[in-house]
Amino acid sequence: MSKTTRRTTMVGAVALATGLARPAMAQDATVKIGIIYPLSGNSATAGNYSKMALEVGADVINNGDADLAKFIPLAKGGGLPGLKNAKIQLVFADNQGTPAAGQNQALRLITEEKVAALIGAYQSGITLTASAIAERHGIPFVNGESVAANLTERGFKWFFRVTPVAIDFARAYSAFLKEQKAAGRKTDNIALVHENTEYGNSVGSVIIDQFKKDGFNVGTKIAYSANSSDVQPQVLQLKEKNPDVLIFISYTSDAILYTKTMKELNWKPGILIADNAGFNDPAFVKSLGNEVEGLINRSAFSAGKPGSVPDLFNKLYVKKTGGDGLDDVSVRGLQAFMVLADALNRAGSTEPAKIQAALKATDLPAEQMVAGYDGVKFDDKGQNTKAASVVTQMRGGKYVTVAPKDRATAEVILPYKGW
Amino acid sequence: MNRFLIPGALLALALVYPLLVQSLPVYERLGALVLLGAIGASAWNIVGGYAGQVSVGHAVFFGFGAYSSVVVYTHLGWPPIAGAPLGMALSVLLAAVIGVPTLRLSGHYFSMATIAVGELVRVLSSTSEFLGGAQGLGGPAIPRTVFDLSFLSAMPFYYIFLVVLSLLLLLTWIIERGRMGFYLRAIKDSERAARSLGVSAGRYKLYAYMLSGAFAALAGSLYLCMFGFVDPDSGFGILISVKMVVMAALGGAGQLFGPLVGALILVPLEELSNSLLGGQGAGLTFVVYGAIIVIIARFLPSGLLSLLNRRKVNRVD
């Protein structure tokens, strides 16, 4: 071995000089993917969990996983076969929770790190500014979790969004309530309680619109501040109106507060729905999971049957985090990464235009999904048309999937039991 | 002769800087960010530094500028920069409305009042549908004309910001040397003494506040043109006010070039520490950033420029 070193170096140098270095260097070539997440600031927890999820994804592609390889061709290990077995290298950047930092870091990843594509950036506003830079430089930007509707309305050619958006959530709830109505449960009087920033307002209004179309009546609508330290007035108001169905759109600390206050005032609706976020936070599930037995929720993550793609990925992820499983946010990030990896592999090149073409041609089946989507296929605006949410229910401190039927691992049990 | 040698060399360096780093877009952008930071901090300096009225709510004006720019785009289809004069005019009005009652307050009470107004406006803006609510508003996604100021490189922004900063510093310099400058410094030293000498303290503080607000609004408009997005936190967030104060204080509040020196240190520090350490996700960026601020504040409480002045004093001795 050592005898050849010198000669190989010489040949390498000559090849490099004559521009023939490619096949020689391909052996240990890497392809860089830039990732912009909130690694500090308000959403740092979510960002750091997503970071770990992507590291699991990259590890599966670079080093392989025998069980996953049965479903996902790229999980055989040894990098991307279509790209001369290039290994994936993740380059992380912190958006610090500000649109300015997100944009600055996007520029750095593109021009200094020379990444082939970008993934990010969690908060919708930051995704907006960061992807604008990618668009100007002609670098593909894959988004896994920002739901603001306008992101795909900008006429961008390099922006691809894998996540479902608010309308998909609203449809999932509406379909679920229709089933319950058919089964004879009361759904006449619906109350919507939402926190009053972007998330609560936008998702709330989309749900109301969709429900109206489907003939459901949202009679009570209560907006509150997620920072409030007392929600007794809101719960008393609910107790008085006594709706059949109550929907929460809340962050973590307010979700905890509502749960405790409802127990204190001893009031519960027949069906309680919570739109993810706070009610899915591991902190909430750990401390109060047993106080909200029967709570209906939505998630992009459904653990599925043992041995399925989500289940296998979840096991790897639990090993990585030391206990916490994949959740709605981390699984969407991981899914976005897998979509990009697949496109890079098919592009067979790190040339931006080829990656863009490959992303446009993406057509992944449901069997390969780690998130609860029906697959991945982008429309002209870059939105995944097969994105969907599953409906889950809290059972004994854990969420299980109850709808749609083909993904369900348990039957739904109603009415809401609570504590 | 010697007096102009160093400033002249620095100005020349500022003029050619983007050409030197043309192949390094991140550093080109960093130059523009430093100038933008310096514009905001220099605007603050007029009322906070010279007049000694420490406003911790200048984000109100910054946000007015940014939102004016994005609103004329969203609702009228104009290029965002066309909103700059509107933002400045509104800020002058707003400064009068806020200033008349609050500038009567002294010391910390004025600072507290400005924080309160800032937070109030931030919360209000997040509930206004016209302003895009908590979700914020974006500028033109794809440039329609050159007036949309959407460039691949940061170089045009750099020169625009350089011109604006130069004008602002020139104006500040004129004020500093004129009657108003003396009045403001007298007010800063002792408002009661200034009043007893016949200085109309209230009126001059208000002038300074209005002028300062107008330029902070211009900084906001320019920010929007460059980044293309504003939401309540990035427009009216208290961190924006704090950064203006810290930048000016670090370089030397109440001195012409103080804010620029502060921006020259803080902005690269912030960007580079995030680039180098941010990706690890350990929150190291702010630890390092904060530590350096603490060190400077401990050893040079009147700002970095005081180093220079100290040397001058020594020489005279």
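Strand 8 (residues 245-249) of chain A is largely enclosed by the rest of the structure, because five of its five residues are buried. This is a predicted model, and strand 8 is a good place to start reading it. A:Val245, A:Ile247 and A:Ile249 point one way from strand 8 of chain A, A:Leu246 and A:Phe248 point the other way, and all are buried. That fits the usual pattern: in a regular strand, side chains alternate between the two faces of the sheet.

**Strand 8 and its partners**

What does strand 8 of chain A pair with? On one count, five bridges tie it to strand 6 (residues 190-195) of chain A, and the two run parallel. Within that pairing, A:Leu192 has A:Ile247 as its bridge partner, and A:Ile190 sits opposite A:Val245. Strand 8 of chain A is also joined to strand 9 (residues 271-274) of chain A by four bridges, again in parallel. Here A:Phe248 stands opposite A:Ala274. The link to strand 9 has a helix in it too: strand 8, helix 9 (residues 252-264) and strand 9 of chain A form a right-handed β-α-β unit.

Strand 6 of chain A is mostly covered as well, with six of its six residues buried. A:Ile190, A:Leu192 and A:His194 lie on one side, A:Ala191, A:Val193 and A:Glu195 on the other, and every one of these is buried. So which strand does strand 6 of chain A pair with besides strand 8? Strand 7 (residues 218-224) of chain A, through six bridges and running parallel. In that pairing A:Ala191 is opposite A:Thr220. Strand 6, helix 7 and strand 7 of chain A make up another right-handed β-α-β unit.

Here are the three parallel pairings together:

| Strand pair (chain A) | Bridges | A facing pair |
|---|---|---|
| Strand 6 and strand 7 | six | A:Ala191 and A:Thr220 |
| Strand 6 and strand 8 | five | A:Leu192 and A:Ile247 |
| Strand 8 and strand 9 | four | A:Phe248 and A:Ala274 |

**Two domains**The domain assignment splits chain A into domain 1 (2-163 + 305-387) and domain 2 (167-299 + 391-407). Their C-alpha centres lie 33 Å apart. How many residues of domain 1 of chain A are in contact with domain 2 of chain A? Five, and they meet six residues of domain 2. On the domain 1 side, those residues divide into one nonpolar, one polar and three charged.

**Where chain A meets chain B**

Between the chains, 36 residues of chain A are in contact with 27 residues of chain B. Helix 3 (44-63), strand 2 (87-94), helix 4 (99-111), helix 5 (124-137) and helix 7 (198-213) of chain A each bring at least two residues to the side that touches chain B. Helix 4 of chain A supplies the largest share, eight residues. Sorted by class, this side of chain A has 13 nonpolar, 16 polar and seven charged residues.

**Around A:Thr30 and the loop before strand 2**

A:Thr30 belongs to strand 1 (residues 30-37) of chain A. Is A:Thr30 buried or partly exposed? It counts as partly exposed, because 14 other C-beta atoms lie within 10 Å. Apart from neighbours within four places in sequence, A:Thr30 is in contact with A:Ala86, A:Lys87 and A:Gln89. A:Thr30 and A:Asn85 are 55 residues apart in sequence, yet 8.4 Å apart in space, C-alpha to C-alpha.

A:Asn85 is in the loop between helix 3 and strand 2 of chain A, and so is A:Lys84. Neither fits the common backbone habit: most residues other than glycine have a negative phi, and most peptide bonds are trans. A:Lys84 has a positive phi of about 55°, and A:Asn85 has one of about 60°. With 16 other C-beta atoms within 10 Å, A:Lys84 is partly exposed; A:Asn85, with 15 inside 10 Å, is partly exposed too.

**Cis peptide bonds**

The bond from A:Gly120 to A:Ala121 is cis, with omega near -5°. A:Ala121 lies in the loop between strand 3 (117-120) and helix 5 of chain A. A cis bond also joins A:Leu414 to A:Pro415, where omega is about 5°. A:Pro415 falls in the segment after strand 14 (398-403) of chain A.

**Confidence**

The model scores ipTM 0.91 and pTM 0.86. Chain A averages a pLDDT of 89, with 93% of the residues scoring at least 70. Residues 1-27 of chain A are where to be careful: the pLDDT there is below 50, and the stretch has seven contacts beyond near neighbours in sequence. Chain B averages a pLDDT of 90, and 96% of its residues score at least 70.

Conventions. Residues numbered from 1 in each chain as written. Chains lettered and ligands numbered in written order. Predicted model: local features only at pLDDT ≥ 70, side-chain atom pairs only at ≥ 80, totals over all residues. Buried ≥ 20, exposed ≤ 12 C-beta atoms within 10 Å, placed from the backbone. Pairing = 2+ DSSP bridges. Right-handed = clockwise from strand over helix to strand, strands pointing away. Contact = placed C-beta atoms within 7 Å. Domains from an automatic or database assignment. Nonpolar A, V, L, I, M, F, W, Y, C, P; charged D, E, K, R; others polar. pLDDT = per-residue confidence, 0-100.
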